[in-house]
Amino acid sequence: MNNNWNKVVYKIGAPFYDRLFNAGSFLKARKRVFEELSLRQGQHILFVGVGTGADLEFFHTPGIKITAIDISASMLALAKAKVNQHMDINFIEMDAQQLQFQEQTFDIVVANLILSVVPDANQCMGEIVKVTKEQGTIVIFDKFESDKGKSSLLKKLFRPLISLLGTDIGRNFSSIVQPYKDKLQIRENTPVLLNGMYRKIIVEKLK
């Protein structure tokens, strides 16, 4: 996977994205991801890879500020259409692997369905950690390889083919977060969809 190819995939897939990933079981899973998230007036929230803005409906708390980035202009255009006039939100076309923000800028960083699609998940995670404030929260909803055992032969065979669709089904979250373990505490890591392939992960950045 690379950014140029992903842009092509997202441009083609943008009109169909919500039908697949913001309906049915996926919508229920998204609700579970945010159901216990505490939002307060004055918080600054970053969406890393906001996509079509499917998660924005959960962020209508008055007084919060939202910055939403995505590498795909097509996805951003759809996300902008979901915004109401009362939301304080800024959309920016940006690479999730090179976040152009100061360190410790955001109280909450939402990284849903991004670590499995960027070319370098480790670099992306590092950028997320960098821009999150101390005692800030990182919210992740994504598909990851299980820590138990090895991938099945079928999964190994299909992984290169599925990557052509702009996503990787074989990434391991423990490996991705390992370089930053001294800066983070995982508060929750629970299965939410497809027999645990998709997980809800809540991480706190330590002081």
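**A walk from the fold to a pocket**

Let's start with the overall layout: the protein chain has six helices and seven strands. Keep in mind that you're looking at a predicted model. If you trace the elements from the N terminus, the order is α-α-β-β-α-β-β-α-β-α-α-β-β, so to speak a mixed string of helices and strands.

How do the parts of that chain meet each other? Take the contacts between residues at least 6 apart in sequence: 67% of them join residues at least 24 apart. As for burial, the chain has 207 residues, and 49% of them count as buried, with buried meaning under 20% relative accessible area. On the outside, the accessible surface comes to about 10700 Å², and carbon and sulfur atoms account for 51% of that area.

Now zoom in on the second largest pocket, which has a volume of about 250 Å³. Which elements give two or more residues to its lining? They are strand E4 (106-110), strand E5 (132-143) and strand E7 (198-205). Of these, E5 gives the most, with five residues.

In total, 16 residues line this pocket. If you want to find the middle of the second largest pocket on screen, pick out Leu37, Ser38, Ile108, Thr137 and Ile202, the lining residues that lie nearest its centre.

And what is the lining made of, by class? The second largest pocket has seven charged residues in its lining, along with five polar and four nonpolar ones.

Conventions: Residues are numbered from 1 along each chain as its sequence is written. This is a predicted model: local features need pLDDT of at least 70, side-chain atom pairs count only at pLDDT 80 or more; totals for chains, interfaces and linings use all residues. Side-chain values use heavy atoms; hydrogens and water are left out. On a 1 Å grid over the protein atoms alone, a cavity is a set of points where a 1.4 Å probe fits but cannot get out, and a pocket is an open set with protein on both sides within 12 Å along at least five of seven lines; lining residues have an atom within 4 Å of a point. Grid points are joined across faces, edges and corners, and a volume is the space filled by probe spheres set on the points. Helices (H or I, at least four residues) and strands (E, at least two) are DSSP runs, numbered from the N terminus. Ala, Val, Leu, Ile, Met, Phe, Trp, Tyr, Cys and Pro count as nonpolar, Asp, Glu, Lys and Arg as charged, and the others, Gly among them, as polar. Buried means under 20% relative accessible area, exposed over 50%, partly exposed in between (1.4 Å probe, protein chains only). Contact means heavy atoms within 4.5 Å. Accessible areas come from the Shrake-Rupley method with a 1.4 Å probe; for residues, only the protein chains shown count as cover.
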